[in-house]
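Subject: Structure for you to look over

Hello,

Here is the structure I promised. Please open it alongside the notes below.

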Amino acid sequence: MLGKAVITAMNKKKRLLEVALMCALVAVVFAAQVRGEAGEEIGRLAELMGWKAGTVVADIGAGDGKYAFAAVDHVGTAGKVYATEIDRKKLGELRDEVAKRKLANVVAVESKEAETNLPAGCCDAVYLRRVYHHLTKPAEFDASLVRSLKAGGRLAIIDFAPRAGLEPVEGVPSNRGGHGIPEKIVIEELTAAGLKVEKIVEDWPEGSYCVLFQKR
């Protein structure tokens, strides 16, 4: 007959196992939800920008790569996705994930404060998702973005107006007006860089807007 201490220990282990299983289940559900959201948003972006099999796309400030990986589904094996990242730790993790998934058509690129480090004229489409308001040297970076586009290529800026309660972004121009960036400033800066506005979408997910530009 089992002693009281042994039964208590067994019950404790059982509870810990149940908690661990529950946490794992929540993590799986959350990951699936995130992938689904990324897939939906990238699907909308692909339609807006006219991606097709063979399109070359760049995700600027790709982070963990979930949006770049979602883009692969729309450009196919004949296309290519550049995923740029300025943070070296994130870049290393991104490259590891690309290798793990065996994605031969995804190229992780280390970007700089004022430079995408993308080849000139490499891309049919480039997008920055909630990244533009972090740029500390927007004029120089905008010039680099334009260089990376093919003639007639498109650039999408997905961002949000300044919001109360968010920490200010260090080093950005003062005209941002807080954490975020007014749509008007995005248009002014990228028009000055040589792009033309093609379309503005106000109802983007998470309270964002999307401004679509084209290289003249």
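The structure holds one aromatic pair. Keep in mind that this is a predicted model. A ring also features in a charge contact: Arg163 sits over the face of Phe160, 4.2 Å from the ring centre.

Now the sheet. Seven strands make it up, and it is open. Their order is E3-E2-E1-E4-E5-E7-E6, with mixed pairing. E3 (106–110) and E6 (195–204) are the edge strands. Each has a single partner strand, so one side of each lacks a neighbour in the sheet. On average, neighbouring strands are turned by 20 degrees against each other, direction ignored.

Look at E4 and E5 next. E4 covers residues 123–129 and E5 covers residues 149–159. The two run parallel and are joined by six bridges. One bridge to find: Arg129 has Ile158 in E5 as its partner.

Two helices pack here. H2 (residues 66–75) lies across E1 (56–60), E2 (80–85), E3 and E4. H2 runs at about 165 degrees to E2. H3 (residues 88–101) packs on the sheet and touches E2 and E3. The direction of H3 makes about 165 degrees with that of E3.

Last, Ile187. Is it buried, partly exposed or exposed? Its relative accessibility is 22%, so Ile187 counts as partly exposed. Ile187 belongs to helix H5 (residues 183–192). Beyond its neighbours within four places in sequence, Ile187 contacts Val197, Ile200, Val211 and Phe213. Val197 is ten residues from Ile187 in sequence, and their C-alpha atoms are 7.3 Å apart.

Best wishes

Key. Residues numbered from 1 in each chain as written. Predicted model: local features only at pLDDT ≥ 70, side-chain atom pairs only at ≥ 80, totals over all residues. Heavy atoms only, no water. Pairing = 2+ DSSP bridges. Helix = DSSP H or I, 4+ residues; strand = E, 2+ residues; numbered from the N terminus. Axes fitted to C-alpha atoms, helices over the stretch in contact; angles between N-to-C directions. Contact = heavy atoms within 4.5 Å. Phe/Tyr/Trp six-rings, centres within 6.5 Å; stacked < 30°, edge-to-face > 60°. Lys NZ or Arg CZ within 6 Å of the ring centre and 35° of its normal. Buried < 20%, exposed > 50% of the residue type's maximum accessible area, 1.4 Å probe, protein only.
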